[in-house]
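Work through the exercises below with the coordinates open, and try each task before reading its solution.

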Amino acid sequence: QEIAPRARRNRETRKSVLVADRAADWVISVGGIFVILAVFGIMAFLADVVVPLFTGGSVEARDDIRLPPTQGDVLFTRMDEYRSLVIQVKSTGDVVVSHTLSGERLAAEPYDFGGKTVTSSAVTLSGDNIIFGFEDGTVRFARLNLQVSVITLDQVPVDVRKLNNADSTDGTALYSAIPGNQIRRISLKPELDEPQPISDQPIDAVDYRVGGTVERPTRSFVTVDRAGMVKLSRTESRINMLTRKASTSTSTSTLPNLPAGTRVLDILMTDKADQVYIADKAGQVFRYDARDFNKPILAETVDVTEGNVELNVFAFLIGEQSVIAGGSDGSVNIFFRLENREAGGTDGYKLTRAHKLAPHKAGVVAVSQSQRGKSFATADAEGNVWIRHATSDQTLVKGTLGFAPASISLSPRDDGLLALAGDKGMLWHVRIPHPETTWASIFGKVWYEGYPEPTYTWQSSSGTDSFEPKFSL
């Protein structure tokens, strides 16, 4: 029996399938293009984030400064964190507070020195605590209390006068408009303690640290008098929790005398008062080990300059492990105290040069340290100012003032640099987002504080402000 052939099916593709196929083709193509664009977008984002790591810093604006002329030598200068006020303490005891941009002077209570002549002074890194040394061998502690508060518009005095578009003053406080229809009020309250006798000779150099707790505040200070005698003193106050009265006790230890003829440039003391560095203008540094308060010793004497180069600046970086030494030849070097049992001093440590930074063409005349990291600024006798980073060995910002500054001051937020010479000066508004990163610091060995040699180390954060982030991959 013959089988009839099966009828062939219609092989034509349905229109719905064709439409779906074309739609899928279009969606896949467009989706693929968007994936590629997304990848490029991610690459652009990463580049935008990474490139600033290696761009150093920049000066975004410059403002000429004109301050009111006043009597007396300037002992030190500081700015508030908003770069709106310049505060100078004079050898006469005057506290000169000026609006940065207009130069308008605000009233501030002076320090009453009772007619005594200031022969030395020192200020803590934050600029809040000061010590003065006098010709009669006494010292006096002082404070510069910057009081900042946020108030509403109706709390602003009616008699304020405008200084510029944002700032006004009533003669004693500065009022600045901030977002949210609010006003920031800044005022200064200087305080001065009674004199403390230390020596029968004028105090030629002094350094000062404040520590302890609220219940047991401590003060440590070290002095060098005209006869070369070095004294280390610690003051501890105990507050009675019931009566709230404070009782104070002071202990003093005498360090080995300096050699005859020593020309003291500066003196530095660590926060724990266990190390004292006295710098001679000839470039020698006398390092004292005061871990045993009752038996301090001269641990070593080190030359921090080469040849006949004089030492012009000598200062701690934040954390007080790194020492900045700037010479009359323009050299800038960073020294650490490192353990060295063979070649070290009598305490088994040696002051070692860890970083040799790019030199100025003229002698270094001023230095200012950051309150946030290992950055600092140096100025030379020709008016060149460089902002540097000690650990990464890089110069972040270079600029010329047009005059040789008597002092320079980094703002507390590292976003401004003030340079002054007499009553004129310049304020740089700077931006340095990542001072600690370079190709070498990320991919190479870096000599970090306290380490015996350069190492590959990653330790990006810690619990203290003085910590040095380490980024070696």
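**Exercise 1.** Determine how many of the residues of strand 24 are buried, and state what follows for its surroundings.

*Solution.* Strand 24, a strand being a DSSP run of E with at least two residues, numbered from the N terminus, spans residues 332-339. Of its 8 residues, 6 are buried, where buried means under 20% relative accessible area with a 1.4 Å probe and protein chains only. The strand is therefore largely enclosed by the rest of the structure. This is a predicted model, in which local features need pLDDT of at least 70, side-chain atom pairs count only at pLDDT 80 or more, and totals for chains, interfaces and linings use all residues. Residues are numbered from 1 along each chain as its sequence is written, and side-chain values use heavy atoms, with hydrogens and water left out.

**Exercise 2.** Identify how strand 24 pairs with strand 23 and with strand 25.

*Solution.* Two strands pair if DSSP finds at least two bridges between them. Begin with strand 23 (residues 322-327), which is antiparallel to strand 24 over 5 bridges; here Val323 has Phe335 as its bridge partner. The hairpin of these two strands has 4 residues between them, and Gly330 adopts a positive phi near 90 degrees in it. Next take strand 25 (residues 349-357), joined to strand 24 by 8 bridges, again antiparallel, with His355 of strand 25 opposite Ile334.

**Exercise 3.** Find which strands stand at the edges of the open sheet 2-3-4-5.

*Solution.* The sheet has 4 strands with antiparallel pairing. Strand 2 (74-79) and strand 5 (105-106) each have a single partner strand, so one side of each lacks a neighbour in the sheet. Strand 3 (residues 85-90) and strand 4 (residues 95-99) share 5 bridges, with Ile87 partnered by Val97 in strand 4.

How values were computed: Buried < 20%, exposed > 50% of the residue type's maximum accessible area, 1.4 Å probe, protein only.
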